[in-house]
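Please take me through this structure step by step in the viewer, telling me what to select at each stop and what I should find there.

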Amino acid sequence: MDANNSVTLKTVQKAADTLSGHVITTQVQTDETLDSLSGRRLFFKCENLQKSGSFKFRGAYNAVSRLVSSNGRTPHQLQVVASSTGNYACALAMVAKVHGVTAHAVMPNNSPECKKRTVLSHGANLTLCEPAAQDITRTVKQVQNATGAVFISGADHPDVIAGHGTMGLELLRQVPNLDAVVMPVGTGGMLAGVSVAIKSTCPEIRVYGAEPEVANGAAMSLNRGERFTFSRFPQSIADGLNVNIGAVPWTYIRSNVGDIFTVSEDEIKNAMRLVWERMQFVVEPSGAVGVAAVLSDSFKARAVGCRNVAVVLSGGNVDPDKLSEILQM
(Lines give C-alpha, C1' and ligand atoms only; values in the text may rest on other atoms or scores of the structure.)
Protein backbone atom coordinates (compact mmCIF):
# COMPACT_ATOMS: atom_id res chain seq x y z
CA MET A 1 0.00 0.00 0.00
CA ASP A 2 1.19 3.53 -0.81
CA ALA A 3 2.46 5.09 2.43
CA ASN A 4 0.71 8.33 1.51
CA ASN A 5 -2.62 6.48 1.55
CA SER A 6 -2.01 4.42 4.67
CA VAL A 7 -4.16 4.67 7.78
CA THR A 8 -2.15 5.67 10.84
CA LEU A 9 -2.80 7.13 14.27
CA LYS A 10 -1.96 10.52 12.75
CA THR A 11 -4.58 10.20 9.99
CA VAL A 12 -7.17 9.06 12.54
CA GLN A 13 -6.36 12.07 14.72
CA LYS A 14 -6.69 14.36 11.69
CA ALA A 15 -10.04 12.75 10.96
CA ALA A 16 -11.11 13.49 14.53
CA ASP A 17 -10.30 17.16 13.94
CA THR A 18 -12.32 17.13 10.70
CA LEU A 19 -15.29 15.48 12.40
CA SER A 20 -15.25 17.72 15.47
CA GLY A 21 -18.61 19.46 15.75
CA HIS A 22 -20.11 17.41 12.93
CA VAL A 23 -20.52 13.95 14.46
CA ILE A 24 -22.03 12.84 17.73
CA THR A 25 -19.62 11.69 20.41
CA THR A 26 -21.85 8.74 21.12
CA GLN A 27 -22.54 7.70 24.67
CA VAL A 28 -21.31 4.56 26.40
CA GLN A 29 -23.96 2.60 28.30
CA THR A 30 -23.80 -0.32 30.73
CA ASP A 31 -26.27 -2.94 31.94
CA GLU A 32 -25.94 -5.21 34.95
CA THR A 33 -27.98 -8.05 33.44
CA LEU A 34 -25.79 -8.21 30.33
CA ASP A 35 -22.71 -8.03 32.55
CA SER A 36 -24.02 -11.03 34.47
CA LEU A 37 -24.83 -13.00 31.34
CA SER A 38 -21.37 -12.37 29.89
CA GLY A 39 -19.39 -12.75 33.09
CA ARG A 40 -17.63 -9.46 32.37
CA ARG A 41 -18.09 -5.71 32.63
CA LEU A 42 -19.51 -4.56 29.29
CA PHE A 43 -19.44 -1.03 27.89
CA PHE A 44 -21.73 -0.41 24.94
CA LYS A 45 -20.63 2.24 22.43
CA CYS A 46 -23.93 3.48 21.01
CA GLU A 47 -23.25 4.19 17.35
CA ASN A 48 -26.89 3.32 16.72
CA LEU A 49 -27.45 6.90 17.94
CA GLN A 50 -24.97 8.39 15.47
CA LYS A 51 -26.13 10.67 12.66
CA SER A 52 -27.61 8.62 9.79
CA GLY A 53 -28.22 5.84 12.30
CA SER A 54 -24.81 4.17 12.18
CA PHE A 55 -21.05 4.58 12.55
CA LYS A 56 -20.81 4.95 8.76
CA PHE A 57 -21.41 8.68 9.08
CA ARG A 58 -17.91 9.08 10.51
CA GLY A 59 -16.06 7.70 7.49
CA ALA A 60 -18.39 9.25 4.93
CA TYR A 61 -18.06 12.71 6.44
CA ASN A 62 -14.28 12.55 6.64
CA ALA A 63 -13.93 11.35 3.04
CA VAL A 64 -16.36 13.81 1.46
CA SER A 65 -15.05 16.73 3.50
CA ARG A 66 -11.48 16.03 2.43
CA LEU A 67 -12.56 15.57 -1.19
CA VAL A 68 -14.37 18.90 -1.21
CA SER A 69 -11.45 20.75 0.40
CA SER A 70 -8.85 19.26 -1.96
CA ASN A 71 -10.81 19.40 -5.22
CA GLY A 72 -10.56 22.38 -7.50
CA ARG A 73 -14.27 22.34 -8.31
CA THR A 74 -17.01 23.90 -6.22
CA PRO A 75 -19.13 21.41 -4.23
CA HIS A 76 -22.17 21.68 -6.52
CA GLN A 77 -19.98 20.58 -9.42
CA LEU A 78 -18.90 17.43 -7.59
CA GLN A 79 -20.63 14.05 -7.74
CA VAL A 80 -19.80 11.00 -5.65
CA VAL A 81 -20.85 7.37 -5.92
CA ALA A 82 -20.60 4.35 -3.64
CA SER A 83 -21.97 0.85 -3.30
CA SER A 84 -23.56 -0.29 -0.07
CA THR A 85 -26.01 -2.73 1.45
CA GLY A 86 -27.54 0.28 3.16
CA ASN A 87 -25.87 2.14 6.02
CA TYR A 88 -22.95 3.58 4.09
CA ALA A 89 -25.32 4.70 1.34
CA CYS A 90 -27.48 6.43 3.96
CA ALA A 91 -24.45 8.14 5.45
CA LEU A 92 -22.98 9.22 2.11
CA ALA A 93 -26.34 10.62 0.99
CA MET A 94 -26.67 12.65 4.18
CA VAL A 95 -23.08 13.90 4.11
CA ALA A 96 -23.26 14.81 0.42
CA LYS A 97 -26.39 16.85 1.07
CA VAL A 98 -24.64 18.74 3.88
CA HIS A 99 -21.73 19.57 1.55
CA GLY A 100 -23.87 20.43 -1.47
CA VAL A 101 -22.52 17.46 -3.44
CA THR A 102 -24.60 15.15 -5.64
CA ALA A 103 -24.57 11.56 -4.40
CA HIS A 104 -25.26 8.30 -6.22
CA ALA A 105 -25.83 5.07 -4.28
CA VAL A 106 -25.69 1.58 -5.77
CA MET A 107 -27.47 -0.94 -3.57
CA PRO A 108 -28.44 -4.61 -3.88
CA ASN A 109 -32.12 -4.94 -4.71
CA ASN A 110 -32.70 -6.95 -1.52
CA SER A 111 -31.48 -4.16 0.78
CA PRO A 112 -33.89 -3.15 3.57
CA GLU A 113 -36.63 -0.80 2.43
CA CYS A 114 -35.99 1.62 5.31
CA LYS A 115 -32.43 2.15 4.07
CA LYS A 116 -33.55 2.73 0.48
CA ARG A 117 -36.06 5.31 1.69
CA THR A 118 -33.42 7.09 3.76
CA VAL A 119 -31.06 7.35 0.80
CA LEU A 120 -33.80 8.88 -1.34
CA SER A 121 -34.93 11.22 1.45
CA HIS A 122 -31.53 12.93 1.39
CA GLY A 123 -31.81 13.60 -2.33
CA ALA A 124 -29.35 10.96 -3.52
CA ASN A 125 -29.82 9.02 -6.74
CA LEU A 126 -30.46 5.33 -6.06
CA THR A 127 -29.60 2.51 -8.47
CA LEU A 128 -30.50 -1.08 -7.58
CA CYS A 129 -28.74 -4.20 -8.87
CA GLU A 130 -28.42 -7.90 -8.21
CA PRO A 131 -26.75 -8.85 -4.87
CA ALA A 132 -23.55 -10.19 -6.39
CA ALA A 133 -20.10 -8.63 -6.25
CA GLN A 134 -19.61 -8.48 -10.02
CA ASP A 135 -23.04 -6.91 -10.59
CA ILE A 136 -22.38 -4.23 -8.01
CA THR A 137 -18.95 -3.42 -9.44
CA ARG A 138 -20.35 -3.22 -12.95
CA THR A 139 -23.23 -0.96 -11.89
CA VAL A 140 -20.92 1.43 -10.05
CA LYS A 141 -18.76 1.69 -13.16
CA GLN A 142 -21.84 2.43 -15.29
CA VAL A 143 -22.84 5.26 -12.94
CA GLN A 144 -19.30 6.64 -13.01
CA ASN A 145 -19.18 6.57 -16.81
CA ALA A 146 -22.55 8.30 -17.08
CA THR A 147 -21.99 11.00 -14.46
CA GLY A 148 -18.27 11.44 -13.88
CA ALA A 149 -18.85 10.78 -10.17
CA VAL A 150 -15.91 10.14 -7.86
CA PHE A 151 -16.02 6.65 -6.35
CA ILE A 152 -15.62 6.67 -2.55
CA SER A 153 -15.32 3.08 -1.40
CA GLY A 154 -16.97 2.34 1.91
CA ALA A 155 -14.50 -0.50 2.37
CA ASP A 156 -11.13 0.56 1.02
CA HIS A 157 -10.93 4.36 1.03
CA PRO A 158 -8.31 5.41 3.62
CA ASP A 159 -10.25 8.54 4.62
CA VAL A 160 -13.31 6.41 5.34
CA ILE A 161 -11.28 3.97 7.43
CA ALA A 162 -9.59 6.81 9.33
CA GLY A 163 -12.98 8.39 10.01
CA HIS A 164 -14.27 5.16 11.50
CA GLY A 165 -11.13 4.95 13.61
CA THR A 166 -12.17 8.07 15.55
CA MET A 167 -14.54 5.82 17.48
CA GLY A 168 -11.51 4.09 18.97
CA LEU A 169 -10.07 7.39 20.21
CA GLU A 170 -13.40 8.18 21.89
CA LEU A 171 -13.55 4.78 23.57
CA LEU A 172 -10.09 5.23 25.06
CA ARG A 173 -11.26 8.47 26.65
CA GLN A 174 -14.63 7.11 27.77
CA VAL A 175 -13.69 3.72 29.23
CA PRO A 176 -10.69 3.45 31.58
CA ASN A 177 -8.91 0.14 32.10
CA LEU A 178 -10.26 -1.34 28.89
CA ASP A 179 -9.16 -4.90 28.14
CA ALA A 180 -10.84 -5.53 24.78
CA VAL A 181 -13.06 -4.05 22.09
CA VAL A 182 -15.56 -6.11 20.07
CA MET A 183 -17.37 -4.92 16.96
CA PRO A 184 -19.18 -6.30 13.92
CA VAL A 185 -17.16 -6.82 10.76
CA GLY A 186 -18.53 -6.62 7.23
CA THR A 187 -16.26 -4.90 4.74
CA GLY A 188 -13.96 -4.29 7.70
CA GLY A 189 -13.47 -0.51 7.62
CA MET A 190 -14.58 0.02 11.20
CA LEU A 191 -12.56 -2.89 12.55
CA ALA A 192 -9.49 -1.73 10.63
CA GLY A 193 -9.74 1.93 11.66
CA VAL A 194 -10.51 1.26 15.31
CA SER A 195 -7.75 -1.34 15.48
CA VAL A 196 -5.22 1.22 14.23
CA ALA A 197 -6.37 3.79 16.79
CA ILE A 198 -6.40 1.31 19.68
CA LYS A 199 -3.24 -0.63 18.92
CA SER A 200 -1.22 2.50 18.16
CA THR A 201 -2.18 3.98 21.52
CA CYS A 202 -2.67 1.02 23.86
CA PRO A 203 -1.22 -2.11 22.23
CA GLU A 204 -2.17 -4.27 25.22
CA ILE A 205 -5.90 -3.86 24.48
CA ARG A 206 -7.27 -6.71 22.41
CA VAL A 207 -9.35 -5.99 19.31
CA TYR A 208 -11.91 -8.55 18.18
CA GLY A 209 -14.37 -8.82 15.31
CA ALA A 210 -17.77 -10.53 15.21
CA GLU A 211 -19.81 -11.77 12.28
CA PRO A 212 -22.62 -14.22 11.41
CA GLU A 213 -21.73 -17.87 10.95
CA VAL A 214 -23.31 -17.75 7.49
CA ALA A 215 -21.31 -14.65 6.50
CA ASN A 216 -17.94 -15.58 7.96
CA GLY A 217 -15.57 -14.06 5.42
CA ALA A 218 -13.41 -12.31 8.02
CA ALA A 219 -13.06 -15.42 10.17
CA MET A 220 -12.17 -17.46 7.08
CA SER A 221 -9.59 -14.86 6.11
CA LEU A 222 -7.99 -14.78 9.56
CA ASN A 223 -7.90 -18.57 9.78
CA ARG A 224 -6.37 -18.95 6.31
CA GLY A 225 -3.98 -16.02 6.62
CA GLU A 226 -5.24 -14.58 3.35
CA ARG A 227 -8.29 -12.62 2.27
CA PHE A 228 -11.34 -14.74 1.48
CA THR A 229 -14.22 -13.45 -0.66
CA PHE A 230 -17.66 -14.72 -1.61
CA SER A 231 -18.62 -14.79 -5.28
CA ARG A 232 -22.24 -14.29 -4.26
CA PHE A 233 -23.06 -12.56 -1.02
CA PRO A 234 -24.39 -14.59 1.93
CA GLN A 235 -27.90 -14.05 3.28
CA SER A 236 -27.77 -13.45 7.01
CA ILE A 237 -30.42 -11.55 8.94
CA ALA A 238 -27.53 -9.13 9.60
CA ASP A 239 -27.90 -7.56 6.14
CA GLY A 240 -25.11 -5.04 6.66
CA LEU A 241 -22.59 -7.87 7.00
CA ASN A 242 -23.58 -9.77 3.84
CA VAL A 243 -20.49 -8.44 2.06
CA ASN A 244 -16.85 -9.21 1.37
CA ILE A 245 -14.05 -7.94 3.56
CA GLY A 246 -12.18 -5.16 1.77
CA ALA A 247 -8.63 -5.59 0.53
CA VAL A 248 -7.37 -2.51 2.38
CA PRO A 249 -9.06 -3.23 5.74
CA TRP A 250 -7.71 -6.76 5.57
CA THR A 251 -4.12 -5.48 5.68
CA TYR A 252 -4.81 -3.89 9.08
CA ILE A 253 -7.10 -6.62 10.42
CA ARG A 254 -4.56 -9.39 9.85
CA SER A 255 -1.98 -7.42 11.88
CA ASN A 256 -4.13 -5.95 14.66
CA VAL A 257 -7.10 -8.22 15.29
CA GLY A 258 -6.70 -11.14 17.67
CA ASP A 259 -9.79 -13.16 16.79
CA ILE A 260 -13.08 -13.14 14.88
CA PHE A 261 -16.09 -14.66 16.64
CA THR A 262 -18.99 -16.07 14.62
CA VAL A 263 -22.57 -16.25 15.89
CA SER A 264 -25.76 -17.97 14.76
CA GLU A 265 -28.87 -16.25 13.44
CA ASP A 266 -30.73 -17.13 16.64
CA GLU A 267 -27.95 -15.63 18.76
CA ILE A 268 -28.22 -12.38 16.77
CA LYS A 269 -31.99 -12.24 17.28
CA ASN A 270 -31.60 -12.95 20.98
CA ALA A 271 -29.03 -10.16 21.30
CA MET A 272 -31.39 -7.71 19.60
CA ARG A 273 -34.16 -8.63 22.06
CA LEU A 274 -31.86 -8.30 25.06
CA VAL A 275 -30.67 -4.85 24.01
CA TRP A 276 -34.29 -3.79 23.50
CA GLU A 277 -35.56 -5.26 26.76
CA ARG A 278 -32.65 -4.27 29.00
CA MET A 279 -31.41 -1.01 27.45
CA GLN A 280 -34.46 0.18 25.50
CA PHE A 281 -32.31 0.61 22.39
CA VAL A 282 -33.27 -0.34 18.87
CA VAL A 283 -30.32 -1.95 17.10
CA GLU A 284 -30.40 -3.56 13.70
CA PRO A 285 -29.28 -7.20 13.38
CA SER A 286 -25.80 -6.20 12.20
CA GLY A 287 -25.49 -3.84 15.17
CA ALA A 288 -26.29 -6.62 17.61
CA VAL A 289 -23.67 -9.09 16.36
CA GLY A 290 -21.02 -7.85 18.80
CA VAL A 291 -23.45 -8.35 21.68
CA ALA A 292 -24.18 -11.87 20.51
CA ALA A 293 -20.45 -12.54 20.35
CA VAL A 294 -19.63 -11.46 23.92
CA LEU A 295 -22.50 -13.58 25.24
CA SER A 296 -21.35 -16.68 23.33
CA ASP A 297 -19.62 -19.70 24.83
CA SER A 298 -16.76 -19.29 22.37
CA PHE A 299 -16.01 -15.78 23.62
CA LYS A 300 -16.11 -16.94 27.22
CA ALA A 301 -13.61 -19.67 26.35
CA ARG A 302 -11.25 -17.72 24.09
CA ALA A 303 -11.23 -14.16 25.47
CA VAL A 304 -9.61 -15.20 28.73
CA GLY A 305 -8.59 -12.38 31.05
CA CYS A 306 -10.78 -9.72 29.45
CA ARG A 307 -12.74 -8.18 32.31
CA ASN A 308 -13.66 -4.79 30.84
CA VAL A 309 -14.95 -5.15 27.30
CA ALA A 310 -16.31 -2.44 24.98
CA VAL A 311 -18.97 -3.57 22.50
CA VAL A 312 -19.92 -1.43 19.51
CA LEU A 313 -23.64 -1.16 18.73
CA SER A 314 -22.87 -0.23 15.16
CA GLY A 315 -26.28 0.76 13.81
CA GLY A 316 -30.00 1.09 14.40
CA ASN A 317 -31.52 1.19 10.92
CA VAL A 318 -34.08 -1.60 10.77
CA ASP A 319 -37.46 -1.96 9.07
CA PRO A 320 -40.23 -1.70 11.71
CA ASP A 321 -41.92 -4.87 10.47
CA LYS A 322 -38.65 -6.80 10.69
CA LEU A 323 -37.99 -5.45 14.19
CA SER A 324 -41.47 -6.39 15.36
CA GLU A 325 -41.11 -9.87 13.91
CA ILE A 326 -37.79 -10.46 15.68
CA LEU A 327 -38.84 -9.04 19.04
CA GLN A 328 -41.97 -11.20 19.11
CA MET A 329 -40.14 -14.45 18.37
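The tour below goes from the sheet to the helices that pack on it, and then to the pocket, the cavity and an aromatic pair.

Before selecting anything, keep in mind that this is a predicted model.

**The sheet.** Begin by colouring the strands of the open sheet, which is formed by 6 strands in the order 1-2-10-7-8-9 with mixed pairing. At its edges you will find strand 1 (28-29) and strand 9 (259-263), each of which pairs on one side only. Select strand 1 together with strand 2 (residues 41-46), and you will see two antiparallel neighbours joined by 2 bridges. Within this pair, show Gln29 and look across to strand 2, where Phe44 stands opposite.

**Helices on the sheet.** Next, add helix 11 (residues 265-279), which packs on the sheet and touches strand 1, strand 2, strand 8 and strand 9, its direction making about 90° with that of strand 9. Then select helix 8, which lies across strand 7 (180-184), strand 8 (206-212), strand 9 and strand 10 (308-313), and which runs at about 170° to strand 8.

**The largest pocket.** Where should you centre the view to look into the largest pocket? Select Ser83, Ala155, Thr187, Val243 and Asn244, which lie nearest its centre among the 41 residues of the lining. The elements that give two or more residues to this lining are helix 4 (87-99), helix 6 (133-147) and helix 8 (189-201), and helix 6 gives the most, with 6 residues. The space in this pocket comes to about 790 Å³, and if you colour its lining by class you will find 17 nonpolar, 19 polar and 5 charged residues.

**The cavity.** Now look for enclosed space: the structure holds 1 cavity of 30 Å³ or more, and the volume of the largest cavity is about 50 Å³. To display its lining, select Val185, Gly186, Glu211, Ala215, Gly217, Ala218, Phe230, Leu241, Val243, Asn244 and Ile245. By class, this lining has 7 nonpolar, 3 polar and 1 charged residues.

**An aromatic pair.** For the last stop, turn to the aromatic rings, of which a search of the whole structure finds 5 pairs. One of them is formed by Phe57 and Tyr61, a tilted pair with 5.8 Å centre to centre and 35° between the planes. Select helix 3 (residues 56-70) to see where they sit, since both residues lie in this helix, 4 residues apart, about one turn of the helix.

Definitions and conventions:
Residues numbered from 1 in each chain as written. Predicted model: local features only at pLDDT ≥ 70, side-chain atom pairs only at ≥ 80, totals over all residues. Heavy atoms only, no water. 1 Å grid on protein atoms, 1.4 Å probe; cavity = no way out; pocket = protein on both sides within 12 Å on 5 of 7 lines; lining within 4 Å. Points joined across faces, edges and corners; volume = space filled by probe spheres on them. Nonpolar A, V, L, I, M, F, W, Y, C, P; charged D, E, K, R; others polar. Pairing = 2+ DSSP bridges. Contact = heavy atoms within 4.5 Å. Axes fitted to C-alpha atoms, helices over the stretch in contact; angles between N-to-C directions. Phe/Tyr/Trp six-rings, centres within 6.5 Å; stacked < 30°, edge-to-face > 60°.
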